[in-house]
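How do the chains of this assembly meet one another, and through which residues? The report below looks at two interfaces in turn.

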There are 4 protein chains.
Amino acid sequence: MSHRKTGVWFVGACGAVATLTCVGARAVARRLKNPTGVLTETRLFDGLELPALDDLVFGGHEIRDTDMHCAAREFAERAGILDSALLTVLQDDLAAIDQNLRPGYVVNPTPAVEALAERGKVVAAATPQAVVEGIQSDVRDFQARHDLETVVVVNISSTEPPANLPIEFASLDAFRTLLASGEPRDGLTAGVLYAYASLDAGYPFINFTPSPGSTIPALMQLAQERGLPHMGSDGKTGETLVKTALAPMFAGRALRVLSWEGYNMLGNRDGFVLKDPDARESKTRSKDNALRQILGDEDTHSRVTIDYVPSLDDWKVAWDYIHFEGFLGARMAMQFTWQGNDSALAAPLVLDLVRLAAFAQAQDESGLMTWTAAYFKSPAGLEEQNFVKQFELLERYVAKHREAARARKQH
Amino acid sequence: MSHRKTGVWFVGACGAVATLTCVGARAVARRLKNPTGVLTETRLFDGLELPALDDLVFGGHEIRDTDMHCAAREFAERAGILDSALLTVLQDDLAAIDQNLRPGYVVNPTPAVEALAERGKVVAAATPQAVVEGIQSDVRDFQARHDLETVVVVNISSTEPPANLPIEFASLDAFRTLLASGEPRDGLTAGVLYAYASLDAGYPFINFTPSPGSTIPALMQLAQERGLPHMGSDGKTGETLVKTALAPMFAGRALRVLSWEGYNMLGNRDGFVLKDPDARESKTRSKDNALRQILGDEDTHSRVTIDYVPSLDDWKVAWDYIHFEGFLGARMAMQFTWQGNDSALAAPLVLDLVRLAAFAQAQDESGLMTWTAAYFKSPAGLEEQNFVKQFELLERYVAKHREAARARKQH
Amino acid sequence: MSHRKTGVWFVGACGAVATLTCVGARAVARRLKNPTGVLTETRLFDGLELPALDDLVFGGHEIRDTDMHCAAREFAERAGILDSALLTVLQDDLAAIDQNLRPGYVVNPTPAVEALAERGKVVAAATPQAVVEGIQSDVRDFQARHDLETVVVVNISSTEPPANLPIEFASLDAFRTLLASGEPRDGLTAGVLYAYASLDAGYPFINFTPSPGSTIPALMQLAQERGLPHMGSDGKTGETLVKTALAPMFAGRALRVLSWEGYNMLGNRDGFVLKDPDARESKTRSKDNALRQILGDEDTHSRVTIDYVPSLDDWKVAWDYIHFEGFLGARMAMQFTWQGNDSALAAPLVLDLVRLAAFAQAQDESGLMTWTAAYFKSPAGLEEQNFVKQFELLERYVAKHREAARARKQH
Amino acid sequence: MSHRKTGVWFVGACGAVATLTCVGARAVARRLKNPTGVLTETRLFDGLELPALDDLVFGGHEIRDTDMHCAAREFAERAGILDSALLTVLQDDLAAIDQNLRPGYVVNPTPAVEALAERGKVVAAATPQAVVEGIQSDVRDFQARHDLETVVVVNISSTEPPANLPIEFASLDAFRTLLASGEPRDGLTAGVLYAYASLDAGYPFINFTPSPGSTIPALMQLAQERGLPHMGSDGKTGETLVKTALAPMFAGRALRVLSWEGYNMLGNRDGFVLKDPDARESKTRSKDNALRQILGDEDTHSRVTIDYVPSLDDWKVAWDYIHFEGFLGARMAMQFTWQGNDSALAAPLVLDLVRLAAFAQAQDESGLMTWTAAYFKSPAGLEEQNFVKQFELLERYVAKHREAARARKQH
């Protein structure tokens with residue numbers, strides 16, 4: 001492993017995922033917990049020079065009036081995963097991270113996001129351009145203070161509602177002209193501005209949300225120009241993960257899926273934000289695409305329902321019913337119930353992606369890292385949704401670099 | 001497609017799977033039903049010269065006192081899949097198949113198999129050698145009467161209890177000496193004798209059961225010598241199919257599966273035979289291996305329970321509970337219920353395998369066809385249990401031959 | 001049993017429930033099928049002089065262009081319950097019923113009901129009064145032609161959307177004035193007119209739907225005046241039945257139900273009509289009340305979702321997730337999946353209720369028959385929702401009459 | 001409420017149930033927790049003079065080398081229900097209980113129980129009579145030290161394997177002669193000796209396990225002679241509770257239950273002890289009876305499977321599949337998954353029963369308290385298994401005494 005320090009800058013630094021990522025990274029670094037769920041800590045990555053978990057330095061923007069410590073305590077109470085003994089031991093580590101938190105930027109918020117922000121502190125920035133500059137200034141300062149090799153920016157904030165993307169997103173020039181003009185546009189959201197600010201300033205960008213982020217043509221161009229890796233969209237943690245593992249089984253047996261009905265219940269801030277029907281639509285669209293790509297059957301009746309059930313707190317329960325037809329018209333069914341903690345499922349993915357983004361940047365790789373598709377519900381730059389096939393892309397990427405590293409050593 | 005006729009010889013010709021295979025092949029051939037579930041009828045196989053479904057001629061051995069027509073009627077009543085209208089239309093087709101049925105051979109039967117056989121007709125054959133000769137004579141006669149290009153022999157009879165394989169199975173010479181000696185041996189079961197008889201007489205062999213069949217060293221050698229393809233073991237139709245699709249998801253996310261408990265309920269003759277604890281052990285062993293290979297975790301507590309529930313008739317209901325640990329020790333769970341008809345799931349696999357075996361023989365391929373692994377619970381000659389990775393072997397095999405066919409055409 | 005014939009007049013005579021009721025009654029009467037599900041055929045009712053199943057004569061109104069035979073065939077195909085052999089044997093019985101079918105009345109239909117009706121035949125009646133007279137004339141004619149002791153009218157038509165009931169429903173006089181005026185009113189639906197017409201003409205009325213029917217004050221008064229029994233509302237067949245059996249368990253253990261989320265999927269005409277959000281609201285409201293009454297906890301988060309899933313045809317699959325808190329705040333969960341055929345569950349209830357209504361009329365009982373509460377989702381005239389407590393009302397009613405019958409005999 | 005102190009003596013004082021009962025009673029008494037799950041704290045019992053939770057004094061026998069504090073810590077870690085903050089606050093209360101713990105008696109133990117005991121301390125008592133005297137001496141001492149109104153003895157120890165009860169159990173005289181003789185007998189288990197010792201010394205007895213306890217004729221006679229209340233057997237907490245709530249629904253609809261298959265997984269000491277097939281048989285027999293009594297159908301195929309799944313620790317997951325036939329032979333199914341913590345479900349029942357036993361004794365009621373049937377899997381002295389009907393017995397008992405109390409007050 002290389003031992004230069006690597007920064008991780010979260011958009012939404014005190015959300016459940018970011019909090020658990022930070023707490024978990026420190027707990028594993030201090031050998032208080034096993035790295036269960038962190039694929040980059042398994043044998044598969046032996047021989048690859050990824051940044052060590054202990055060398056990750058965390059910081060970020062947060063729109064609510066809270067800090068890492070409060071967020072961790074709140075999560076511990078709601079989800080029952082972190083115990084107070086652990087948080088006490090990590091007290092100093094979390095306090096150090098709190099030093100790296102800055103007030104976040106709110107752009108065109110949904111009512112639900114606005115409600116969260118109102119209770120907290122938000123930087124008032126007159127224009128989109130000013131937002132971009134503010135972000136860049138905060139991240140550069142973070143890098144300088146900690147003498148970081150690079151900073152990987154991770155958007156892990158609440159889902160934005162779908163919007164018609166403005167024509168100016170089609171090229172980098174038009175995008176910059178729009179930005180300079182100071183004119184508002186529907187699709188010019190916080191997610192897009194963060195992606196622009198990161199890539200423009202030389203930082204890899206990971207879009208862990210379903211919002212557009214760096215996947216618009218203008219920013220794809222920017223990543224290429226700057227020679228920077230980026231990846232997205234929408235971390236694949238629960239029901240969709242199962243779907244992309246199960247659906248290939250039906251396809252591989254030529255079984256005809258008549259209906260695939262998915263009901264999701266969740267009780268956390270994410271669920272609260274998804275009470276907004278627009279935001280929910282972004283989410284369910286992202287969840288539904290996977291199925292259609294794998295089954296390739298236009299006739300399948302599929303539906304994804306997401307409901308807010310407060311008593312579940314930070315947990316999620318999903319029930320899927322799959323009605324299918326087999327030989328001679330035999331009607332059969334499979335159903336599954338998934339009881340997971342989305343944050344605990346997402347945090348290790350964030351750690352993996354951050355390390356892989358830093359590694360890719362060190363290898364001078366630029367553009368969409370499509371070999372990270374297995375991590376995303378809507379893998380940018382790739383049609384493939386079959387989980388195992390996506391995973392093979394990752395295996396091949398690792399094998400290639402391991403081979404190269406071995407070759408270098410032999411010289 | 002080639003238009004020479006291909007024979008299919010079933011060991012267990014009036015069991016539910018064989019019956020549904022015959023009825024289904026005829027229903028599809030006559031365009032009365034769609035070929036749902038038959039992968040070789042999908043686009044994936046475009047450009048490969050497989051025998052047409054309509055060119056398959058069915059026959060086989062059966063130890064019970066029944067025929068294809070009775071078996072189909074019984075299945076229709078118990079499973080509710082075949083309707084009487086369809087059976088009436090296919091009456092002549094089934095009658096033609098009945099002409100190809102012969103009394104079966106019972107060797108070292110379990111009490112349950114003996115109970116089935118007692119009600120029927122069984123050929124008494126003094127020695128194993130005589131059994132072999134009887135089988136060969138019946139199949140050769142079948143081939144001659146119908147002028148068949150080849151006959152693919154498919155063992156689809158009841159599961160045999162596990163036995164210690166005798167040392168004589170280690171080489172073909174020793175095996176033949178044992179056979180000639182007329183001495184009884186524990187592992188010298190009907191399944192092994194059928195496999196020997198088929199390969200020795202020049203016929204490809206498919207072992208659709210968990211019994212050893214052609215996978216013992218002596219017969220692997222025989223298949224190579226005779227230049228014949230063979231494949232097995234144990235058709236992958238239900239709960240295990242799901243396991244081999246789902247387990248890679250847990251492995252690919254570095255999640256730690258603590259317990260994977262599978263409860264299977266079934267109500268047909270298969271379930272009745274599995275009331276015998278020894279036979280059940282063969283089955284559960286075959287089902288459990290898959291999990292261990294994929295998860296690679298010795299600590300996983302896994303169990304497969306199979307219970308006979310008469311009211312389910314020809315249906316199977318399985319419930320699996322998967323308890324797993326994620327990041328920071330978070331305990332999560334997934335559970336699924338599978339409601340399937342094993343026979344309707346198995347029959348199209350048999351059709352696929354028969355066509356692929358005939359194709360492989362036509363290509364002069366010999367030995368274990370490991371590229372058919374996706375079809376089996378215990379793929380002979382291959383460690384890989386991950387369903388999608390197995391499926392890719394099949395995709396690559398097809399691609400290679402499609403390419404070759406295209407090249408031939410261009411000349 | 002008394003041997004005078006009893007008429008059954010269906011509002012919605014070719015719907016799945018009515019069809020299955022007729023076919024089933026005839027199949028049981030002819031001893032072709034067991035009376036499974038018909039409680040009045042069990043020992044519980046020994047000693048009570050209910051009309052024999054064989055003495056029921058069926059007729060009714062239908063707005064679609066179909067007949068009992070077509071409806072039965074369609075149901076057989078979609079639900080896989082009736083086999084064609086049975087329908088062939090009952091051909092004459094069904095033809096006899098077809099003679100008793102008359103075109104139905106459509107009043108203030110929802111778009112979905114209108115769509116059904118458009119394909120069929122509907123009687124155009126200028127005013128509500130004319131509708132009432134038309135109904136009465138058809139039922140009287142039915143009674144006369146078959147020399148029936150009485151006719152029990154059963155509303156089993158599609159759910160009507162909820163409406164604000166007009167002030168004129170508060171008393172019989174006001175209701176009659178409204179009727180005479182010919183003025184339209186929102187709540188003056190087919191269901192209400194059928195209930196009025198039946199009671200006014202001297203026929204017991206059963207409201208098997210969630211629509212208001214005979215439960216408005218004006219008609220309660222009418223039933224009392226005419227000395228007629230009536231009952232309702234909304235037959236309790238599936239998920240709600242389970243709820244009213246399970247919820248008392250949580251209440252009886254002082255467990256705190258935090259959330260009870262119910263997801264219903266169905267694929268028949270009922271589901272199609274429930275695509276209309278208004279109609280759905282009637283239904284979900286009726287389903288939700290039961291829970292609140294039993295748990296008596298205002299804080300329980302409960303939700304009932306109904307989705308149309310075409311591939312299920314006449315079947316229904318419901319999944320309920322019950323999240324509850326126990327001692328010391330322990331969070332636990334129960335979930336259930338219900339796979340039922342609503343029509344097959346409803347038909348025997350209709351047979352029971354018809355026989356009980358005729359019996360009650362013979363005993364000169366009038367008003368709401370609250371002792372039939374166990375049959376209904378929203379038992380009219382009774383708060384009690386606990387299934388077993390409702391059932392005890394029925395047991396006590398039967399015991400009382402059995403005792404009386406015994407006493408009469410001894411004299 | 002009366003304010004004299006009441007003793008509670010546990011057989012198995014540091015098992016999960018007893019531990020949670022003690023911790024919970026203290027936590028509720030100190031208003032640190034709500035009494036969720038404690039029925040006697042609900043309005044239903046308003047007006048009855050039950051001993052206050054704060055007036056219960058706990059003590060008992062334990063065969064393992066542990067104390068209340070260790071047991072609580074262990075449970076907290078395994079089940080995640082008790083948090084360490086709570087245990088810290090209750091430290092003194094638990095220490096006070098520890099003063100009341102005494103080494104337990106082991107009689108004819110199963111290998112699993114022996115294994116537990118070996119690690120701990122057990123009183124060596126030469127003869128059954130000596131065991132009885134030892135028990136009585138410990139309980140009397142407990143009563144004297146704390147000046148207790150009475151002591152309710154609760155058997156909450158591990159399930160004993162079923163045994164043929166000796167003829168001497170048929171009458172009190174024969175039982176006493178046997179005891180005096182010092183001869184060993186198969187059925188003369190710890191559970192029976194504890195029941196005898198308690199009743200003989202004037203203490204009410206609650207049998208919370210499936211072992212015979214006080215329900216043998218000799219001890220029924222003893223309870224009558226001594227004028228003492230006793231109750232049992234086998235606390236109804238999970239899957240069986242659900243069964244006795246659900247089965248009446250099928251019976252009340254005349255639906256024919258074809259199969260009811262229950263699979264239970266549990267991971268605690270109880271599960272470990274149930275690995276012993278004999279002990280398991282006691283348990284499954286007790287669980288199965290309920291179903292047969294309610295359904296009254298000899299043909300129902302029912303099975304109860306209990307498996308030890310270590311990763312579940314103190315939790316239990318049960319899955320039940322109910323296959324049933326409705327009208328016209330329609331085959332339907334219901335399945336449920338129960339995820340509960342047996343100890344958290346049992347502890348409040350123990351609190352209820354202790355208070356009710358003390359109350360009954362104060363009312364001079366003697367013999368089997370059949371009105372507590374709702375609390376037990378095998379209610380002694382009563383056939384009724386229908387949960388709601390059992391609950392009504394309790395409601396009526398309470399109503400009777402409330403009425404009496406009111407009448408007394410008015411004088």
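What follows describes the contact of chain B with chain A, then that of chain A with chain C, in a model that is predicted.

**Chain B and chain A**

The contact between these two chains takes 60 residues from chain B and 60 residues from chain A. Together chain B and chain A bury about 4800 Å², with 69% of this area lying on carbon and sulfur atoms. Of the area that chain B buries against chain A, R253(B), F327(B) and L328(B) supply 20%, which is more than any other three residues.

Chain B can be laid on chain A by a turn of 180° with a shift of 0.0 Å along the axis, and the RMSD is then 0.0 Å. That is the relation of a two-fold axis. Within chain B, the C-alpha nearest the axis belongs to F336(B), at 2.0 Å from it. The same surface serves both copies, since 100% of the contact residues of chain B recur in chain A.

Polar and charged pairs also occur here: the rule finds twelve residue pairs in polar contact across the interface of chain B and chain A, both residues being at pLDDT 80 or more, and the count of salt bridges between these chains is two. K389(B) forms a salt bridge with E395(A), and the closest N and O atoms of this pair are 2.8 Å apart.

The elements of chain B that give two or more residues to the side touching chain A are the helices and strands α1 (16-29), α10 (239-252), β10 (316-325), β11 (331-340), α13 (342-362) and α14 (387-410). With ten residues, β11(B) gives the most to this side of chain B. By class, the side of chain B that touches chain A has 39 nonpolar, twelve polar and nine charged residues.

Which strands pair between chain A and chain B, and in what sense? The strands β11(A) and β11(B) pair in the antiparallel sense, over seven bridges. In this pairing, M334(A) has W338(B) of β11(B) as its bridge partner.

**Chain A and chain C**

In the second interface, 23 residues of chain A are in contact with 23 residues of chain C. Chain A and chain C bury about 1900 Å² between them, and 57% of that area is on carbon and sulfur atoms. The residues Y263(A), S311(A) and W319(A) supply 28% of the area that chain A buries against chain C, again more than any other three residues.

A turn of 180° and a shift of 0.0 Å along the axis lay chain A on chain C, with an RMSD of 0.0 Å. Because 100% of the interface residues of chain A are also interface residues in chain C, the copies meet through the same surface.

Between chain A and chain C the count is four salt bridges; one of the charged pairs joins D307(C) to R303(A), whose closest N and O atoms are 3.5 Å apart. The strands β8 (256-266), β9 (301-308), β10 (316-325) and β11 (331-340) of chain A each supply at least two residues of the side that touches chain C. That side of chain A has ten nonpolar, eight polar and five charged residues.

**Values for the two interfaces**

| Interface | Buried area | Share on carbon and sulfur atoms |
|---|---|---|
| Chain B and chain A | about 4800 Å² | 69% |
| Chain A and chain C | about 1900 Å² | 57% |

How values were computed:
Residues numbered from 1 in each chain as written. Chains lettered and ligands numbered in written order. Predicted model: local features only at pLDDT ≥ 70, side-chain atom pairs only at ≥ 80, totals over all residues. Heavy atoms only, no water. Contact = heavy atoms within 4.5 Å. Buried area = accessible area lost by both parts, 1.4 Å probe. Salt bridge = Lys/Arg side-chain N within 4 Å of Asp/Glu carboxyl O. Helix = DSSP H or I, 4+ residues; strand = E, 2+ residues; numbered from the N terminus. Nonpolar A, V, L, I, M, F, W, Y, C, P; charged D, E, K, R; others polar. Least-squares fit on C-alpha atoms with pLDDT ≥ 70 in both. Polar contact = N/O pair within 3.5 Å; in protein donor to acceptor, adjacent residues only side chain to side chain. Pairing = 2+ DSSP bridges.
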